[in-house]
Each structure stands twice: as C-alpha cells, then as structure tokens.
Protein chains: 4
Amino acid sequence: MVFILLNCKTYDEATGTNAVSIAKACRDVSESSGLEIAVAPQFPDLFRVASAVKVPVFAQHVDGSGAGSYTGSIYVKGIKEAGAVGSLINHSEKRLTLAEIEKSLSVLQENKMRSVICTNNVATTAAAAALFPDYVAIEPPELIGSGIAVSTANPKIISDSVDAVKKINKKTVVLCGAGISKGEDLKAALELGAGGVLLASGIIKSKDPKAALEGLVSLI
Amino acid sequence: MVFILLNCKTYDEATGTNAVSIAKACRDVSESSGLEIAVAPQFPDLFRVASAVKVPVFAQHVDGSGAGSYTGSIYVKGIKEAGAVGSLINHSEKRLTLAEIEKSLSVLQENKMRSVICTNNVATTAAAAALFPDYVAIEPPELIGSGIAVSTANPKIISDSVDAVKKINKKTVVLCGAGISKGEDLKAALELGAGGVLLASGIIKSKDPKAALEGLVSLI
Amino acid sequence: MVFILLNCKTYDEATGTNAVSIAKACRDVSESSGLEIAVAPQFPDLFRVASAVKVPVFAQHVDGSGAGSYTGSIYVKGIKEAGAVGSLINHSEKRLTLAEIEKSLSVLQENKMRSVICTNNVATTAAAAALFPDYVAIEPPELIGSGIAVSTANPKIISDSVDAVKKINKKTVVLCGAGISKGEDLKAALELGAGGVLLASGIIKSKDPKAALEGLVSLI
Amino acid sequence: MVFILLNCKTYDEATGTNAVSIAKACRDVSESSGLEIAVAPQFPDLFRVASAVKVPVFAQHVDGSGAGSYTGSIYVKGIKEAGAVGSLINHSEKRLTLAEIEKSLSVLQENKMRSVICTNNVATTAAAAALFPDYVAIEPPELIGSGIAVSTANPKIISDSVDAVKKINKKTVVLCGAGISKGEDLKAALELGAGGVLLASGIIKSKDPKAALEGLVSLI
C-alpha cells in the first residue's frame with residue numbers, strides 16, 4: 001500500500017493544537033482515498049495527537065539509548081507510550097552516526113515499531129538498506145523545502161535508489177521526499193518505483209492542508 | 001523561595017503514566033511543605049503531565065532554533081504550548097555549544113519561561129552566569145547518579161559557585177545537583193548558599209518517591 | 001602590542017607548501033611593521049610551518065582530552081611538539097560545548113600556551129571572558145567571509161564586547177574578526193578598543209597576501 | 001597481502017618524535033616479515049613521520065568538507081600533501097554521521113587514497129560495505145583497549161562480518177581490531193577471514209613496540 005508520511009518539523013502551522021488539525025486532515029484524506037497517511041508531529045505533541053485522532057503517528061527522531069541517565073533524549077518507550085507507532089531516523093535535519101542509526105533501528109524493532117531511515121544519496125540509501133529498516137526515505141538535501149519536487153528534478157536518484165535497495169534486501173520500501181506536494185509528484189514517484197513519499201512544507205504551509213493532501217492523492 | 005527540580009531523565013519509573021504519578025508526588029509534597037517542587041518529564045510526557053497535575057513543568061532541554069525546517073528539534077513554542085513553564089539547558093547528558101546555550105536561553109526569555117543552565121565546575125558556572133539565566137545548576141559529572149551527595153562530597157564547589165555567580169550578577173540563583181536525595185543534603189546545599197537543588201535518581205528510583213521527597217524537605 | 005592572527009582555514013591557498021608561503025608573509029610584515037602577526041595553519045601543516053618560519057604558530061582548534069584513546073582528536077602535546085604556541089578555541093566553524101571550551105582552555109594554560117576563544121555576540125563574549133582566556137575573538141557569523149568588515153558593519157558589537165569583558169576581567173584582550181582585510185578595518189577595530197584582529201579569506205585569497213598584510217597594517 | 005595498521009591515537013608514546021620511532025618499528029618489521037604495516041599518527045605528526053620514514057602513513061580521520069571556510073577540519077588535500085596515503089573513517093572514538101562517512105570516503109577516492117571505515121557490529125559492517133571502501137574495520141567498542149583480543153573473545157563477529165561484506169561486495173577487505181596484540185590474535189583473525197588487523201595500545205604501550213610487532217607477525 002502507498003505510504004505517505006507528513007513531517008510537521010517545527011512549523012508553527014503544525015505545533016500544538018495545529019498539529020491536531022493537521023492530523024485530522026491526514027485522517028480524512030486517508031479515509032477518502034484509501035491510502036495510508038501518517039503524521040510526524042513534534043515530541044511534545046505526540047500524546048495530544050495520538051489521543052485525539054485515529055491516524056498512524058510517527059516520531060521525528062528516536063534515540064537508541066534506553067532507560068536511564070539520558071536527560072533530553074528521545075526514549076523509545078516514551079514515544080511508544082505517547083502513542084507513536086514508528087519513527088523517522090537520521091532525517092537530514094537530525095543526522096546520526098552510523099552506530100546510532102543502527103541502534104535507533106534496533107530499539108524500534110524490539111518494540112515492534114515502524115522505521116524510516118532518511119538518506120541523502122544512492123550510496124547512503126544502499127548503506128541504510130543493509131540495516132533492513134521498513135523504509136528508506138531518500139531526500140536530496142538541496143531540494144528539501146525548495147518547492148522543486150525530487151521526482152521531477154532528479155528522477156534518476158529515485159530509480160537508482162530503488163535498484164540499489166533491491167540488490168541488498170527485498171523487504172525495505174523506498175520512499176522519496178524533498179519538494180513533493182502535488183498529484184503529479186506522487187504519481188511520478190510511484191512510477192519510479194517508490195512505495196510512497198515523505199512530505200512537509202508543501203502541505204503544511206499551504207493555505208488549506210486538507211485540500212493540498214487531496215490534490216496530492218488525486219492521481220492515484 | 002527554595003526551588004526543587006526533579007528530572008525524570010529517561011527512567012522507566014518516570015515515563016508515561018509513571019511521569020504523572022511522579023508529578024503528583026511533587027505537587028503533594030510541595031503543598032504540604034510550602035516549597036516549590038517542579039518536575040521535568042520527557043518531551044512526549046509534557047502535555048500529559050501538565051494537563052493532569054497542577055505543578056510547574058519544565059522541559060529537559062530546548063533548542064534555540066525556531067519555527068521551520070528543524071525536524072527532531074525541541075521548539076520552544078512546542079514545549080510551551082504543551083504546558084512547560086521553563087527548561088533545563090546544557091544538562092551534562094545533553095551538552096550544547098556556548099552559542100546554542102545563549103540561543104536557547106534567549107528563546108526561553110522571549111517566551112517568558114524560566115531557565116536553568118547546567119554546568120560542571122566553578123569556571124563554567126561563572127561563564128553561564130554571565131548570560132543571566134534564572135538559575136545555574138552546578139553538577140559535578142562524576143557525582144551524577146552516584147548516590148554521593150555533592151553537598152557532602154564537594155561542598156566547596158557549591159560555595160565557590162555561589163561566590164563566582166555573585167561577582168557576575170545578582171539575579172541568577174545557584175542550584176546544585178548530583179547525588180542529592182536526603183534531608184541533610186538539601187539542608188547542606190542551602191547553608192552553602194544554594195537556592196535549591198536538582199534531583200533525579202535518588203527520588204525517582206526510590207521505592208516510594210513521595211516519601212523520599214518528604215524526607216528531602218523534612219529539615220527545612 | 002597589537003595582535004594579528006591569520007587563520008588558514010582549509011583554503012588551498014594556505015595548505016601544505018602554500019601555508020609556508022603565507023607564514024613567510026606574516027613574518028616579513030611583522031618584522032617591517034613591528035606588530036605581532038601569527039598564523040594558524042591546518043594541523044598537518046603545523047610542524048612544517050613552525051620548522052621553516054620564525055613566526056608564532058597557532059592551531060585552529062585543540063581538544064581538552066589528553067593522552068589516550070582519542071583517535072582523531074587534537075592533543076595539546078601533539079600541537080605543542082609540532083611547534084604551536086597557542087590555539088583558537090570554539091571557532092564558529094568548530095563550535096564546542098561550554099564544558100569543552102573550558103577544558104581546552106585549561107590544557108592550553110597547563111602547557112603555557114596562548115588561548116583565543118571565539119564568540120558570536122556580546123553575551124557569549126562575556127561568558128568566554130569569565131573563563132579568563134588570553135583573548136576573546138568576537139566574530140558575528142553572518143559577516144565571516146562576507147568581505148564586509150565587522151568594524152564598519154557593526155562597530156557597536158566590538159565596543160560592547162570590550163565593555164563586557166572589562167566588567168568581568170582585566171586580563172583578557174578582545175580581538176575582532178569577520179570581513180577584516182584593509183588598513184581602515186584594523187584602525188577602526190583598535191579605536192573601538194580591540195587589541196587586534198582575526199583574519200582569513202581577505203588576506204589569504206587576495207592575489208598578493210604579503211601586500212594585503214602590508215595594506216592592513218599601513219595605518220597603524 | 002595481510003594489512004596491519006597501527007593507530008597512534010593520542011598516546012604520549014606515539015606523539016611527536018615518538019611517532020617517528022613507532023613508524024620506524026613498523027617499517028623494520030614490515031621489511032623483515034614481508035607484511036604491510038602502516039601507521040596512523042596524529043595530524044600534526046603526519047608530515048614529520050612521512051618525511052622521515054618510508055612507511056605507509058594514514059590519517060586517523062578525514063572530513064568530507066573540501067577547501068574553504070572549515071576551520072579546524074581535516075582537509076583531504078592537507079593530509080595528502082603531508083604524506084598520508086589513506087585514512088581511517090568513523091573510528092569509534094570519532095564517529096561520523098552516515099552522510100559524513102560517505103563524503104569522507106568520496107574525497108579519499110577522488111584523491112586516490114586508501115580508506116578504512118570502522119564499524120561496531122555486523123549490521124554496521126554491512127552498511128559500510130555498501131559504500132565500497134577498501135577496508136572495513138570491525139571493532140566491538142567494549143573490547144577496544146581491553147587487552148582481550150576480539151579474535152578470541154568474539155570470533156563470530158569477525159566471520160559474520162566477513163560473510164556480510166561478501167554478500168554486498170567482493171572488493172572490500174575486512175580488518176578486525178580491539179585487543180589485538182599477539183601472534184595468535186593475528187593468526188586467528190586471518191583464519192576467520194579477515195585480511196588484516198587494526199592495532200593500538202597493545203603495541204604502542206608495550207615496553208618494546210618493535211618486539212611486540214615482531215611477536216604479532218611471528219606466526220604468519
């Protein structure tokens with residue numbers, strides 16, 4: 001099934017009560033389209049969103065460190081108890097060491113949570129696939145927030161990523177992100193072999209996020 | 001007024017619903033003792049705790065980056081809208097660059113939130129005081145979680161910190177932490193010039209946190 | 001005495017044998033002008049420069065960690081034995097935590113080496129001064145490499161930094177940097193109370209670095 | 001050919017002139033044994049060692065950032081011009097993000113230098129192999145500096161790493177490290193499929209490093 005993940009980052013339009021509204025738009029469009037649309041609010045909003053809206057909730061990051069003396073860390077049981085069912089790992093705005101990526105993935109898997117490792121090019125996508133996450137999300141950093149869709153600007157990076165992942169494992173699904181917001185962006189991504197997309201400003205900063213999501217899925 | 005801040009770190013005993021229980025113990029002992037006892041839960045628990053318990057809630061960390069493309073960051077408005085009234089900055093388990101400390105402090109001040117900069121020795125305490133936070137919390141890293149109270153093991157670091165801060169500004173209050181858990185620890189800290197304490201495992205990992213808090217304040 | 005420090009960064013024009021040429025320019029203009037002009041080459045060039053040219057050589061960074069299992073770290077004895085007499089600390093391109101800044105400063109002082117803590121605004125300058133380094137170098141990050149001299153664009157940040165440092169200690173000298181390259185820039189900086197300047201691209205990327213240095217000191 | 005790489009870390013016994021002595025021991029034992037023995041001194045010692053001793057010299061780390069405003073960074077051309085022929089990447093004491101590992105590897109390859117990516121377990125070894133470095137060096141962090149050889153304590157991590165790498169690419173050679181110092185350690189490593197070893201304290205902190213190296217290669 002196509003998987004769409006909407007990253008709230010620290011946008012004011014998706015903080016606090018606004019995160020709840022964004023989550024409701026995800027739920028509504030998911031129901032009307034039959035596609036899975038998940039949301040990744042800020043940590044302080046996880047509980048509020050998961051309690052209020054029936055939608056898959058992801059964390060934007062998780063640390064591999066467990067229970068204990070880890071002030072300020074994102075503990076997997078903390079996000080799980082707040083209602084998260086998965087997490088982004090290694091987003092370009094929250095890069096981790098290779099050892100940390102592997103550890104964060106492990107703690108998600110131990111807790112039966114879904115994992116999305118973000119990468120920046122084909123080589124790092126292959127490396128991430130060697131760790132067997134549920135998803136690898138390839139996002140060329142120079143296109144993030146640019147309004148230029150990766151599926152238009154650099155279709156080859158998507159198809160090459162899909163090929164590179166397939167060579168290494170059959171389980172991991174490739175998502176793509178950076179500049180995705182319109183129906184043709186998602187359609188192109190799927191045609192290039194991606195299993196879904198990672199979204200942010202294109203939807204969240206639009207005047208009507210629900211309408212933007214409806215546009216996104218309109219060609220599927 | 002004496003200020004006691006209980007840091008939940010990522011202890012299982014203070015995660016999710018347990019964070020709410022810990023917060024209730026803080027509230028109860030604060031009411032019975034007349035001292036201010038605040039709690040610093042994990043980010044995903046801020047909303048849940050602040051909604052459920054009438055107690056000052058602090059974040060364990062805050063980033064200076066504002067609204068925008070900061071996936072995984074701790075946005076000051078996110079923690080504020082979740083109910084936090086202040087934040088730790090630069091805890092020994094979440095060290096920041098000097099520029100980040102100053103920025104995190106600035107965003108708290110702009111949002112009229114309380115600030116606690118953590119430091120590791122007298123020199124860094126003086127440096128932190130030069131930034132004019134509400135509190136500087138001196139915690140010798142080697143004593144954190146040790147069960148040996150800083151006020152017993154190294155009273156001079158507290159009194160020297162108090163002196164160093166006074167030379168630089170008259171507003172900032174010195175807290176001390178590391179190994180504090182008993183009535184005599186708090187009493188000694190106050191006699192050395194501290195305005196309060198930062199606590200964690202000594203209370204949270206005790207069999208009865210409420211009783212432990214009652215013991216802590218029993219000699220004041 | 002006026003102190004001028006030329007940072008080679010990782011410019012090709014100041015790498016390897018080019019670093020030796022740059023150092024010779026510093027030595028020559030220092031001798032002709034009577035001002036102290038030091039150079040901060042890359043770590044692999046410290047020995048080569050210090051062996052070949054009679055000029056004060058600084059490292060661009062030093063770690064506080066000592067001898068031992070610190071692969072890839074900059075060990076104070078390593079840079080000292082290579083001929084360095086001091087080091088930058090916390091350059092805006094190599095930010096450190098407050099605890100690390102204090103530790104790096106300590107190891108320099110224990111080894112009787114000179115210290116320059118870089119800062120980004122008046123508040124962090126005051127904090128750095130509370131640690132008692134030999135120099136604090138205030139460099140507004142937005143002006144670094146801009147070609148716009150801080151002494152013209154933001155003279156107040158220099159005079160305020162000088163005032164802030166004086167309130168905290170009488171020993172630390174304020175340097176300023178960012179965009180400095182001409183005679184009037186240095187003159188203005190000294191008139192605002194700075195004791196010298198930190199330089200980089202304005203000299204190193206000029207067609208004739210020696211002539212550029214001569215221009216810099218021409219109004220003193 | 002068996003490849004032995006001796007990491008000087010920041011040991012006093014391998015700093016400055018001592019690094020030259022250590023390098024000479026590597027050269028002598030390499031000549032008498034016919035095995036390749038390379039040395040990785042600290043950055044300030046690269047030029048001194050490479051100028052004085054005919055031995056392959058590696059850097060302990062290299063940054064992917066190129067020429068420019070990267071104060072304190074390890075520029076690939078800087079280490080190359082100082083005489084290095086390769087570099088460690090992502091040592092457990094200098095961990096990098098996945099994106100940085102890939103970039104550091106790229107700049108080494110562009111400069112025709114040899115690359116050793118360090119990893120901590122089988123999963124991260126597979127991920128590193130997906131980037132196609134010359135070597136992956138698996139070092140369980142808990143055994144580093146322990147005096148307990150990985151080839152005795154955890155032979156399976158070596159053979160599993162060799163298998164994992166072979167599945168992903170045929171070019172990358174597996175090294176192993178952590179606690180290696182004796183002839184039987186090296187022999188066991190090679191029998192488990194490793195192509196060589198990464199060494200440090202076991203040799204450098206021995207009374208007679210040359211004799212220790214002779215012992216290391218004595219069973220090959």
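**Exercise 1. Describe the place and surroundings of K9(B).**

Solution. K9(B) lies in the loop that runs between strand 1 (3-7) and helix 1 (17-33) of chain B; helices (H or I, at least four residues) and strands (E, at least two) are DSSP runs, numbered from the N terminus. The model is predicted: local features need pLDDT of at least 70, side-chain atom pairs count only at pLDDT 80 or more, and totals for chains, interfaces and linings use all residues. Residues are numbered from 1 along each chain as its sequence is written, chains are lettered from A and ligands numbered from 1 in the order in which they are written, and side-chain values use heavy atoms, with hydrogens and water left out.

Next, take accessibility. K9(B) counts as buried because its relative accessibility is 3%; buried means under 20% relative accessible area, exposed over 50%, and partly exposed in between (1.4 Å probe, protein chains only).

Last, list the neighbours. Not counting residues up to four places away in sequence, K9(B) touches residues including G68(A), S69(A), Y70(A) and T71(A), as well as Q42(B), H91(B) and E93(B). Contact means heavy atoms within 4.5 Å.

**Exercise 2. Compare the settings of K9(A) and K112(D).**

Solution. Start with the backbone. K9(A) has a phi near 45°, a positive value in a residue other than glycine. K112(D) is also a residue other than glycine with a positive phi, near 55°.

Then locate each residue. K9(A) belongs to the loop between strand 1 (3-7) and helix 1 (17-33) of chain A. K112(D) sits in the loop between helix 4 (98-110) and strand 5 (114-119) of chain D.

Finish with accessibility. K9(A) is buried at 2% relative accessibility, whereas K112(D) is exposed at 77%.

**Exercise 3. Describe the contact between chain A and chain B.**

Solution. Count residues: chain A gives 35 residues to the contact and chain B gives 35 residues.

Take the area. The size of an interface is often given as the accessible area lost when the parts come together. Chain A and chain B bury about 3,000 Å² between them, with 53% from carbon and sulfur atoms; buried area is the accessible area (1.4 Å probe) that two parts lose on being put together, summed over both. On the chain A side, T10(A), P44(A) and T71(A) lose the most area to chain B, together 23% of what that side buries.

Check the links. The rule finds zero salt bridges across this interface (a side-chain nitrogen of Lys or Arg within 4 Å of a carboxyl oxygen of Asp or Glu).

Turn to the other chain pairs. Chain A and chain C have no contact, their closest C-alpha atoms being 16 Å apart. Chain B and chain D do not touch either, and their nearest C-alpha atoms are 16 Å apart.

**Exercise 4. Explain how F3(D) and Y135(D) are paired.**

Solution. There are 12 aromatic pairs over all chains. Rings of Phe, Tyr and Trp (its six-membered ring) pair if their centres lie within 6.5 Å; planes under 30 degrees apart count as stacked, over 60 as edge-to-face and the rest as tilted. F3(D) and Y135(D) are stacked because their ring centres are 4.7 Å apart and their planes are at 25°. F3(D) is in strand 1 (residues 3-7) and Y135(D) in strand 6 (residues 135-138) of chain D, 132 residues apart.

Add burial: F3(D) is buried at 0% relative accessibility, and Y135(D) is buried at 11%.
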